[in-house]
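Here are some notes to read alongside the structure, written for someone meeting it for the first time. Take the points in order and keep the view open as you go.

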Amino acid sequence: MERVEHMLRYALQLSYLNQLHKAGKITESEYQRIKKNLMKDYGVVSDILAGWK
């Protein structure tokens, strides 16, 4: 998979995750756990530059 496509998939999944969290469908701890797993799966070590929570 091309790196750009790989990162787009990550961004899309993170966006869906944020929507679920903001809508109150998942708790903060669920959000953090899933986000941590996504970062691990996609090889993202930090989101400090992305401006995401």
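**Notes on the structure**

1. Let us begin with the surface. The protein exposes about 4200 Å², and 57% of that area is supplied by carbon and sulfur atoms. Please keep in mind throughout that this is a predicted model.

2. Next, the overall layout. The protein has two helices and zero strands. Of its 53 residues, 26% count as buried. Among the contacts with a separation of 6 or more, 46% are between residues 24 or more positions apart.

3. Now look inside. Which residues make up the largest nonpolar core? There are nine of them: Tyr10, Leu14, Leu17, Ile26, Tyr31, Leu38, Met39, Tyr42 and Val44. The elements that contribute two or more residues to this core are H1 and helix H2, which covers 28-42. H2 gives the most, with four residues.

4. Leucine 38 is a good place to pause, as one of the residues of that core. Setting aside neighbours within four places in sequence, leucine 38 is in contact with Tyr10, Gln13, Leu14 and Leu17. Of these partners, Tyr10, Leu14 and Leu17 are also listed in the core.

5. Two core members deserve a closer look together. The count of aromatic pairs comes to one. Tyrosine 10 and tyrosine 42 form this pair, with 5.7 Å from centre to centre and 50° between the planes, and the arrangement is tilted. The pair links distant parts of the chain, since tyrosine 10 sits in helix H1 and tyrosine 42 in helix H2, 32 residues apart. Are these two tyrosines buried or exposed? Tyrosine 10 counts as buried because its relative accessibility is 3%, under the 20% limit. Tyrosine 42, at 12% relative accessibility, counts as buried too.

6. You may like to find lysine 35 next. This residue lies in helix H2, and lysine 35 is buried, with a relative accessible area of 5%. Asparagine 18 is 17 residues away from lysine 35 along the chain, and the C-alpha atoms of the two are separated by 9.2 Å.

7. Finally, a charged pair. Side chains of opposite charge can pair when their charged atoms come close. How many salt bridges are there? The count comes to one. In this salt bridge the side chains of glutamate 5 and arginine 9 meet, at 3.6 Å from N to O. Glutamate 5 and arginine 9 are separated by about one helical turn, because they are four residues apart in helix H1, which spans residues 3-22. Glutamate 5 counts as partly exposed, at 38% relative accessibility. Arginine 9 is partly exposed as well, with a relative accessible area of 42%.

How values were computed:
Residues are numbered from 1 along each chain as its sequence is written. This is a predicted model: local features need pLDDT of at least 70, side-chain atom pairs count only at pLDDT 80 or more; totals for chains, interfaces and linings use all residues. Side-chain values use heavy atoms; hydrogens and water are left out. A salt bridge is a side-chain nitrogen of Lys or Arg within 4 Å of a carboxyl oxygen of Asp or Glu. Buried means under 20% relative accessible area, exposed over 50%, partly exposed in between (1.4 Å probe, protein chains only). A nonpolar core is a set of buried Ala, Val, Leu, Ile, Met, Phe, Trp, Tyr and Cys residues joined through side-chain atoms within 4.5 Å. Contact means heavy atoms within 4.5 Å. Accessible areas come from the Shrake-Rupley method with a 1.4 Å probe; for residues, only the protein chains shown count as cover. Rings of Phe, Tyr and Trp (its six-membered ring) pair if their centres lie within 6.5 Å; planes under 30 degrees apart count as stacked, over 60 as edge-to-face and the rest as tilted.
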